Amino acid sequence: MRKLKSLSILFIVAVFFSASAFAKIGDLYIDGDIVNKNHNDGYLLTADDFNKLKKSHIKTTTSWTQPGHVVDFEGVKFKDLLTLVGAHGKTLRMRALNDYWIDIPFSDVEQYDILLANKMDGKPLKVRDFGPYFVIYPLDEFYDKLNSPTYQARHIWQVDSITVIDK
């Protein structure tokens with residue numbers, strides 16, 4: 001009985017430490033229908049690794065920032081992220097720190113060249129300000145199409161994981 005109790009405690013401690021190492025704010029976990037994997041069944045992109053990737057910008061207004069202020073969002077194009085992990089699917093299931101999730105079709109990546117931003121007007125995004133990552137569409141460029149509840153919902157912030165699914 002004592003041995004079983006010790007093994008149970010050891011298991012709980014191992015799970016706790018592996019989960020806490022994985023759950024670091026700023027790390028992005030991508031799994032699902034991907035070829036390139038570096039952590040269990042997915043790809044763990046640390047905040048440092050994300051910052052080393054090629055950066056792009058989308059300058060746009062949003063419903064969540066100061067009205068009329070064109071914000072300069074900086075981050076990595078989804079096209080580049082999907083290439084990095086060797087994604088093969090039709091949908092990106094985006095998950096936020098608060099367990100909110102939304103599906104984004106690959107067609108949005110192609111049609112709108114969307115961005116996973118980690119900076120806003122040159123400042124790193126913090127959890128209280130949409131961070132660590134915020135999905136950004138070029139709203140001003142395609143206002144008539146993107147100014148709808150469907151696309152507004154896809155502007156998910158506090159993103160911490162992405163699952164590539166084939167549906």
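Which residue of strand 7 stands opposite Gly75? In this predicted model, the partner of Gly75 turns out to be Ala117. The pair belongs to a wider antiparallel match, with five bridges joining strand 4 to strand 7, the latter spanning residues 115–120.

Strand 4 has a partner in strand 3 (residues 56–60) as well, and here too the sense is antiparallel, over five bridges. Within that pairing, His57 sits across from Glu74 of strand 4. Strand 4 itself runs through residues 71–77 and is mostly covered, with five of its seven residues buried.

Moving on to the nonpolar packing, the largest core counts 32 residues. Those touching the most other members are Phe78, Leu92, Met94, Leu116, Val135, Val159 and Ile162. Two or more residues apiece come from strand 1 (28–32), strand 2 (42–45), helix 3 (78–85), strand 5 (91–96), strand 6 (101–105), helix 4 (106–112) and strand 10 (159–165). Helix 3 chips in with the largest share, four residues.

Leu116 gives a good look at how this core is knitted together. Leaving aside residues up to four places away in sequence, Leu116 touches Leu28, Phe50, Gly75, Val76, Phe78, Leu81, Tyr133, Phe134, Val135, Val159 and Ile162. Among these contacts, Phe78, Val135, Val159 and Ile162 also appear in the list of core residues that touch the most other members. A second core, separate from this one, holds 10 residues, including Val71, Phe130, Phe134 and Ile136.

Key: Residues are numbered from 1 along each chain as its sequence is written. This is a predicted model: local features need pLDDT of at least 70, side-chain atom pairs count only at pLDDT 80 or more; totals for chains, interfaces and linings use all residues. Side-chain values use heavy atoms; hydrogens and water are left out. Buried means under 20% relative accessible area, exposed over 50%, partly exposed in between (1.4 Å probe, protein chains only). Two strands pair if DSSP finds at least two bridges between them. A nonpolar core is a set of buried Ala, Val, Leu, Ile, Met, Phe, Trp, Tyr and Cys residues joined through side-chain atoms within 4.5 Å. Contact means heavy atoms within 4.5 Å.
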